[in-house]
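Work through the exercises below with the sequence and the coordinates open beside you. Each task is followed by a solution that proceeds step by step.

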Amino acid sequence: MTSQWHGTCDLRLFTKSRSKNNFKTSHQAKYSAPLKLMKVFYDKKDGRCEIPILHSAGGIVGGDQLTINVNAEENSSAICSSVAAQKVYGSRGRSKLNPKGIWANQKCLFHIERNADFEWIPQEIIIFQGGLFEQNMTVKLDHSSSFFCVDLVRLGRTACGEQLGSGVWRSSLEIFRENTHGK
């Protein structure tokens, strides 16, 4: 029997007024292993916060499920990143019980409210030979908010000549933006 993680990170970003038209973004978080937040940094000039998320298990294996929920409230400004590259270990052909492998999954749900600015810039995902990984990202934006995302994926450990082989990577991105009429 393999142990599987069902880790979550729920992050709320909100503003505190320092003076008229001058806001500082703060955060509240609730998370479960293997996800945790590292020290959050604040930019004193523009009030933006930088939030590094750590996957403490050292890698993702078949059956792991991770969910990251971010609610960026009105006027908040933040960058979320990962502390290190995410490794997805191979599961195909490694178990007599599941020779076809077991999928690992990550869901990212981002809700970005009025005049909020949110950036998702994790370090790369490295999918080892035989790894099965699916990522689903859903972004809901107010018409006045902004979202920036960089998602790098390495198929196999190319530095040592490894390719993805029988592994599979699936990724979906859905972005919903409210128009100026609220629809």
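**Exercise 1. Strand β5 and its partners**

Find the residue of β7 that stands opposite E50, and then place β5 among the strands it pairs with in this predicted model.

Solution. Begin at E50, which stands opposite I79 in β7. The pairing to which this position belongs is parallel, and it joins β5 to strand β7 (residues 77-82) over five bridges. Next, look at E50 from the side of β4, where F41 stands opposite E50. Strand β4 (residues 41-42) runs antiparallel to β5, and two bridges join them. These two strands, β4 and β5, form a hairpin with six residues between them, and in the turn G47 has a positive phi of about 80 degrees. Then turn to strand β3 (residues 35-37), which is also antiparallel to β5 and is joined to it by three bridges; here L37 has I53 as its bridge partner in β5. Finally, consider how covered the strand is: β5 spans residues 49-55, and five of its seven residues are buried.

**Exercise 2. A salt-bridge network around R48**

Which residues are linked with R48 in a network of salt bridges, and is R48 itself buried or exposed?

Solution. A search of the whole structure finds seven salt bridges, and the network to be traced here links D46, R48, D117 and E119. As a first step, take the pair D46 and R48, whose closest N and O atoms are 3.9 Å apart; since the cut-off for a salt bridge is 4 Å, this pair falls within it. As a second step, take E119 and R48, for which the closest N and O atoms are 3.2 Å apart. Because E119 lies in strand β10 (residues 117-120) and R48 in the loop between β4 and β5, this pair ties together parts that are 71 residues apart in sequence. As a third step, compare the accessibilities with the limit for burial, which is under 20% relative accessible area. R48, at 14%, is buried, and E119, at 16%, counts as buried too, whereas D46, at 43%, counts as partly exposed. As background, side chains of opposite charge can pair when their charged atoms come close.

**Exercise 3. A second salt bridge, between two loops**

Identify the loops that hold R114 and E74, and state how exposed R114 and E74 are.

Solution. The side chains of R114 and E74 meet in a salt bridge, with an N to O distance of 2.6 Å. The pair links distant parts of the chain, 40 residues apart, with R114 in the loop between β9 (104-112) and β10 and E74 in the loop between β6 (65-72) and β7. R114 has a relative accessible area of 44% and is partly exposed, and E74, at 33% relative accessibility, counts as partly exposed as well.

**Exercise 4. The surroundings of S145**

Where is S145 found, and which residues is S145 in contact with beyond its neighbours within four places in sequence?

Solution. First locate the residue: S145 is found in the loop between β12 (132-141) and β13 (146-149). With a relative accessibility of 4%, S145 counts as buried. Leaving aside neighbours within four places in sequence, the contacts of S145 are I112, E113, N115, A116 and R177. For I112 an atomic detail can be added, namely that its backbone oxygen lies 3.5 Å from a polar atom of the S145 side chain.

**Exercise 5. Two cysteines without a bond**

Why are C108 and C149 not joined by a bond?

Solution. A search of the whole structure finds zero disulfides, and C108 is in none, the nearest cysteine sulfur being that of C149, 8.2 Å away. The sulfur of C149 has no bond to C108 because the 8.2 Å between them is too far; for a disulfide, the sulfur atoms would have to be within 2.5 Å. As for the surroundings, C108 is buried, with a relative accessible area of 0%, while C149, at 26% relative accessibility, counts as partly exposed.

Notes. Residues numbered from 1 in each chain as written. Predicted model: local features only at pLDDT ≥ 70, side-chain atom pairs only at ≥ 80, totals over all residues. Heavy atoms only, no water. Helix = DSSP H or I, 4+ residues; strand = E, 2+ residues; numbered from the N terminus. Buried < 20%, exposed > 50% of the residue type's maximum accessible area, 1.4 Å probe, protein only. Polar contact = N/O pair within 3.5 Å; in protein donor to acceptor, adjacent residues only side chain to side chain. Contact = heavy atoms within 4.5 Å. Pairing = 2+ DSSP bridges.
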